Amino acid sequence: MTSELDIFVGNTTLIDEDVYRLWLDGYSVGDAVALRVRSGILEQTGATAAVLQSDTMDHYRTFHMLERLLHAPPKLLHQLIYQIPPSRQALLIERYYAFDEAFVREVLGKKLSKGTKKDLDDISTKTGITLKSCRRQFDNFKRVFKVVEEMRGSLVDNVQQHFLLSDRLARDYAAIVFFANNRFETGKKKLQYLSFGDFAFCAELMIQNWTLGAVGEAPTDPDSQVDDMDMDLDKEFLQDLKELKVLVADKDLLDLHKSLVCTALRGKLGVFSEMEANFKNLSRGLVNVATKLTHNKDVRDLFVDLVEKFVEPCRSDHWPLSDVRLFLNQYSASVHSLDGFRHQALWDRYMGTLRGCLLRLYHD
Amino acid sequence: MPGKLKVKIVAGRHLPVMDRASDLTDAFVEVKFGNTTFKTDVYPKSLNPQWNSEWFKFEVDDEDLQDEPLQITVLDHDTYSANDAIGKVYIDIDPLLYSEAATVISGWFPIYDTIHGIRGEINVVVKVDLFNDLNRFRQSSCGVKFFCTTSIPKCYRAVIIHGFVEELVVNEDPEYQWIDRIRTPRASNEARQRLISLMSGELQRKIGLKVLEMRGNAVVGYLQCFDLEGESGLVVRAIGTACTLDKLSSPAAFLPACNSPSKEMKESPLVHPPSHGCRSTHNSPIHTATGSRLTQNFSVSVPTLIYTGMGSGSAGKEGGPFKALLRQQTQSALEQREFPFFTLTAFPPGFLVHVGGVVSARSVKLLDRIHNPDEPETRDAWWAEIRQEIKSHAKALGCHAVVGYSESTSICEEVCILSASGTAAVLNPRFLQDGTVEGCLEQRLEENLPAGCGFCHIPYDELNMPFPAHLTYCYNCRKQKVPDVLFTTIDLPTDATVIGKGCLIQARLCRLKKKAQAEANATAISNLLPFMEYEVHTQLMNKLKLKGMNALFGLRIQITVGENMLMGLASATGVYLAALPTPGGIQIAGKTPNDGSYEQHISHMQKKINDTIAKNKELYEINPPEISEEIIGSPIPEPRQRSRLLRSQSESSDEVTELDLSHGKKDAFVLEIDDTDAMEDVHSLLTDVPPPSGFYSCNTEIMPGINNWTSEIQMFTSVRVIRLSSLNLTNHALNKNFNDLCENLLKSLYFKLRSMIPCCLCHVNFTVSLPEDELIQVTVTAVAITFDKNQALQTTKAHVEKSLQRASTDNEELLQFPLELCSDSLPSHPFPPAKEHLESASSNSGIPAAQRATSVDYSSFADRCSSWIELIKLKAQTIRRGSIKTTVTVEKTSPMGEGNFRNRSAAPCANSTVGVVKMTPLSFIPGAKITKYLGIINMFFIRETTSLREEGGVSGFLHAFIAEVFAMVRAHVAALGGNAVVSYIMKQCVFMENPNKNQAQCLINVSGDAVVFARESELEVVSTQQPAANCQPACTGGEVTT
C-alpha cells in the first residue's frame, strides 16, 4: 500500500509555525520530519511517524504554493486563493524575509548578481546555513533591491510599502540595498568583528545625511522629486568633500585645530597623551577618507579606511569608548572655531554622520 | 420580455503576462448570455486593466435567466493572430431572481482557465430587472427559493412541507462526442462546464415549476448530482423537499419555525391525508415508469436490508390483510407516481412522530443497454423503481413516510449501482397540509408531548408486528415500546434525551470480484451486494456495542463499484438514547473448547473487548441512570440479538423471500472465532483508535452532548489515494488496507487540527471511489468546531427527570397511525394489486424480442436470488452457532442528558476581518445567527494539466485545484454580499491521472447556501426575554431552563 496522493486543504489555510521555520531553513521533508520527531511531538500528540510525514509534506506543499505570492507580498494580501488571517499573513511575510546574521554578513555590500549567487555554495558551507535557505535570502535581497532600485522617496518607506515588512526589517533591508548599491566592502578580515547591526546603523545615518534624499528634505520645489533618492550618495556632496582637504593640508589650520581640541579635552581624557600624539594622524585619516570619496573604489573601502585610520589606532592605544566619544565631539565642534575654514555646513554633514558611525564601529 | 440583465465590467487585476515581449497584456472582455455577446474595449499594456465599461444589457426570457449562466471571457488582444483566452468566469444569476435574496452581484471573481487554473481576477457588477409575468403557462419558475440545507432554514418558518420533488436531465457528454477528437482539451473542458451549468439551470427551473404546481415557494434539502455515464451520456439529477416557507419577521427569533410544536396532534392524530405529500405530487408531472420501459435494460434489483430497531431486523412477514393493503398501495397507479419522501434530516418540532428504521434499496444497471440514451425516461424509470422499493420498505415498517432521504450512484465502465436510503417515519400531518390553525391549544398539547423519547417508540403495531422483534418499554416514559437499537439517516432530533457524548462510527469493507463484462459483471455485483450490506451492518452493530451505545444517526452507507472490487463504507454517529435499553456486551466463543491455549487466547480477547467497552463508556460519559426492573413495569425479556435480512422486492418478483438471521431460540449472541477471518474481524473491531483527548467526531450536524460551541471553525477537504500492490489482493489484505487508509486519514486530521483542541469534527463526510484497478480514493470533508471545555455542561440534570415526567403522559393513540393510514387509503385505490401486477408482467413479455434481448428474465432472478439467500443462510448459521450475547449492564450513574446542544454560548467575537468567507457543511454557524439567505451556490469545475510533474505531481495539482475551488466559491458568495456558505458539500471529486503522459484531470462539483450571518454578540439588541438558551423551548416541550 503506497500513498499516491495525500492532501489537506482548509478553507482557512493552516500554517504551522514550526514547520514553516524548518521550510525556511531549507530542510528537506525527510530532514524536517526527523527534526520534528526529535522535538518530541510524537509523544505529545500520540501521532505516528507516517502522520508526521504526511503533515510535513502537506505544509511544505502549501508553503511552496505560497512562495510565489510571498515574492510580492501585496499579492498575498489581495489574492483570493488562500484565506489566511491578517496576523498570519504578516507572520508569513516577516519570517520569509527574515535573514540570518551569518548570511547577511557574507553578502553585505556585494553585488547582488549571478556571480555572487554562484558563491552561495561556499557561503552555505562556511555558515552552516542550508543552500536552499541561502538562495532564498539572497533572492530576497535581490528582489527587494530590484523593486526599490529605481524608486523615488524614502528607501525604508518603499521597502515597507512594497514588501509589507515590519519597521525594523524594512530598515534592515534599506541598509542591505544601500550597501549593495554602493558596494561597500564589509568582508575584509579586519571588518569581521563588525556585526550587521553595526553596518545597518551606519547605513541608516548615511541614508539620512549623505544621499540625495537627505538634501531633498527641504525641497524648494515640491514637485521636483528628481533628486529625491535614497540609494545613491549625493555626488555633489562627495565632490564638495574635497574642500575639507584644507583641514589637514593647511599646517596652521591643522595645528590650530589640534590645540583647540587639546585645550578642551585636557584633563578630561584618560588617554590624553596618546590622543595628543596621534591627533594629526587621526585627523588626516578622517579628512582623507572624506576627500577620496569621489572615487568609487574609495567609497567601497569606506569602512576599511575608517577602521584602519581611526578604529585600529585608537584601539591599539586602548581608548575607552567614552574617550572616543569626547574626542570626536570635540574634534567636530572645534572646527567651528577655525576662522579660516569656510565649509562649516559641509563639515557638519560629513562629520555628524561619521561620528555616529565611528562610535558604533568602535568596539572589540 | 420578462427580464433585463445588466452587466458592467469594471476592472481586472493580477492578470497573467500574455505578451512575452513586453511582459504585459492587452486585455479585453467578452460578455455572453444566451446567444448575445458584448465586448469591452481593449485595455492596452496592463496587468491591471480598468475597463469601466458601459452597462451591457441583455433582454431575455426569465426561462433563459434561469437556465443560462452569464459567461465572462477575458482575452488578450493580438493584432496578428487569434486572440488568446486568459480565462473565464461563469456567474449563476439565479440568486438575483427572487426578491428576498441578493439584489446585485458585485465583486472580484477569479478568472479561471481549465488548463492554467486561476489567472487573475475581474471585477463585475450584475443586476437583473425582472418584470412581472402573469402568464399561467410559463416555463420559468423564478421566485422559488432553493436551499441545500436539509432543515428548515433558520430565518424561515415552514407553513407547509409539501413533499418530494425530483427531476433528471440527460445530455450527451461533450467529452464523448466525435468532435472531441479534434478539439483542444480546453475547448472540451469548457464545453462540459458550460453544459453542466446549463443543465443545472434547467433542472432547477423544472424543479421550481413542480414546486409552483404544488403551490410551494421553496425547495429545502436540494441535492443535485451528476452522473458521468460516459458513452451513454451525462445525467444531472436532483431531489429536494418542496415547502411553503414564511420569512420570520422578528430578527431575534432564533428558533427555527417552532412557534407551534404540534397543535393538531391531539385534535387529529388519526386523521391523515391518504398519503403524505401526495396532495402535492398529484399535480406534479413526474415521468411515469412503466414496466415495458424497465425491461429494455438489464437491471438487477438488489436485495436490501432494512435497519430497524432490532439491530438488523426487517420487514416482510406481514399479516394477510396488512400485506394486501400494502400491495394495494404500492401498486396503485396513483401511488406509483408519488413518494412521501423528505430530504430533510432535521425537522420542526413535532413534525417527526415516530421513527421506524433505515430503509435502503440498491439496483445494478447496465448503462450500455439504455435504449434511448439521450432521453431521461430510462433513468427516470430506474429511480422510480428504487423509490417504489423504498416506499414499500417503509410501509412494511408501519411508516407512511421516509425522511432523511438521499440517492446516489456509483459507476464503473458500463455498470451503475443506484442506491437510495432514508429513514422510515411517521410524521405529524399538520405540516403537510394547508391552513394551519394557530390555536391557543398550544400549551395544553405541549404537556402531552412525549418529549425526548416519542420518536423512539415503534411505529408498527406491537401485536401485529411485521417481524419478530425485541421490544421493551421505553426507558424514558415507560409507556410505549421501543426497540433495543435504533438506526436512522437523520440528525439527532433536538429534543432527544441523550446520555453522554456521541462518536463517529464507521464500517469499512472490501470485496474482490472477478473482472467481467456486461450481464456477468452486473450479476456478480448484485450477488455480492447483500453480503456487503450484511457485513457492513454487522460491523456497525458490533462497533456500536463496543462503544456502549444504542442508536445510530446520520447513517450513510456507500457502496462503490470498481473494476475488480466493491467497497462499502458506512458512517454514522453513535449515541446513547436514554429511551432505549442499555446495550449488552459482546461475547466471544471459540470453536474448539478443548484446546487450552486457544481458550486462553479467547478469554484474553474477551477481556480486551470488555475493557474497551468500559473505556468507551468512560470516554463518552455514558452513565445511564439506574432503573430497576419494577419501575419499567414489564420484565425485560432475555436480551438477544436478532438479525434478519429481507430480500427487498423488485416489482415483478412475486414472493417476498425472506431471510431470518435471528438466532432462533438461542439467546446468546456470541462472536464465534472459528477461522482466521473471524479472528481478524474481532481484531479490526479493536483497532479503531479513539480520537485523542480533546477531540470528538461525528457525521451529524451537531455533536450530541456538546452544547457550548465557540466561534472558531475550520472546514476542510482531505483527499487520499492509495495504490494497492497487486500481490496481496485478497479480501483480507484489502480490508486491512482500506481500514488503515481511513484510520490514518482520521489520525492525520486529528494531528493537523490539534491546535483547535478542544474541538469536534462535525459532519465528517467520507466518499470512496475506485478510479482505477488498484487505486482507492477517499475524500473527506468536515468542519472542526472549537468548544469551551470549562463552560461545559451547566448540566441540565433536571432535564432528564423533567422529560421523564412529561413523557409519562404520552398518549398511546399515536401508535395507531400506520394502520389507520392504510385502511384510510384503501378505498382510494380501486385496482387490485395482483391485477396490476399481471399487467406489468404481460407488458414485459409483450415487448419486441430485439429489445428484450438485453433484458434478464425476472424468473431467473428469483433463482439466483434464492441461491444467494442460501449462502447467507449458511453464513448466518455460522454466526448463530456462536453469536453475541448481550448482557444488560445496569450501572450506577448520574443522569447527564443534554438535549440543549443548540444552546451555544455567546462566542467571543473573533477577529472578523472584512472579506473573510466562512464555509461549513453545517446549516448553522456557531455563535452567530444567519440573517439572510442569498441563494444557492452550485458550481462545477474541471481542471486539467499536461505538466503534472511541474505542478508538484498529483498532490500538488489537486491541492491547488481544491484551493482554487474554495476561492471561487468564496468569491461568488462575497459578490452576492454574503460572508458564509452553509450546508456546503463537495458532491463529486473525480480525479484521473496518467503519470506516464504527465497528465491529470479532475472534476469537482460543490454546492451550498450563500448566507449573511452576524455574530450573536452583535445582535444582542432585541429580545432579552428570549435568550438564545431557550432557542428550542418548543422542542423540549416548552421547558425553560433557567
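Colleague: In this predicted model, what does it mean that F179(A) is buried, and F303(A) likewise?

Modeller: F179(A) and F303(A) are both classed as buried, and that term requires a relative accessible area under 20%. Each of these two residues therefore falls under that limit.

Colleague: How many aromatic pairs does the structure hold over all chains?

Modeller: There are 51 over all chains. One of them joins F179(A) to F303(A), with 5.4 Å centre to centre and 25 degrees between the planes.

Colleague: Why is the pair of F179(A) and F303(A) called stacked?

Modeller: Ring centres must lie within 6.5 Å to pair, and planes under 30 degrees apart count as stacked. The values of 5.4 Å and 25 degrees meet both limits, so the pair is stacked.

Colleague: What makes this pair a tie between parts of chain A?

Modeller: F179(A) belongs to helix α12 (residues 167-182) and F303(A) to helix α20 (residues 302-316), so the pair ties together parts 124 residues apart in sequence.

Colleague: Why are F327(A) and Y331(A) also described as a stacked pair?

Modeller: Their centres are 5.6 Å apart and their planes differ by 25 degrees; the limits are within 6.5 Å and under 30 degrees, so the term applies. Both residues are buried. They are four residues apart in helix α21 (residues 321-334) of chain A, which means a separation of about one helical turn.

Colleague: How do you know that the charge of R13(B) sits over the ring of W108(B)?

Modeller: The charged end of R13(B) is 4.0 Å from the ring centre of W108(B). The distance limit is within 6 Å, and the charge must also lie within 35 degrees of the ring normal. K6(B) likewise lies over the face of W55(B), at 5.6 Å from the ring centre.

Methods. Residues are numbered from 1 along each chain as its sequence is written. Chains are lettered from A and ligands numbered from 1 in the order in which they are written. This is a predicted model: local features need pLDDT of at least 70, side-chain atom pairs count only at pLDDT 80 or more; totals for chains, interfaces and linings use all residues. Side-chain values use heavy atoms; hydrogens and water are left out. Rings of Phe, Tyr and Trp (its six-membered ring) pair if their centres lie within 6.5 Å; planes under 30 degrees apart count as stacked, over 60 as edge-to-face and the rest as tilted. Helices (H or I, at least four residues) and strands (E, at least two) are DSSP runs, numbered from the N terminus. Buried means under 20% relative accessible area, exposed over 50%, partly exposed in between (1.4 Å probe, protein chains only).
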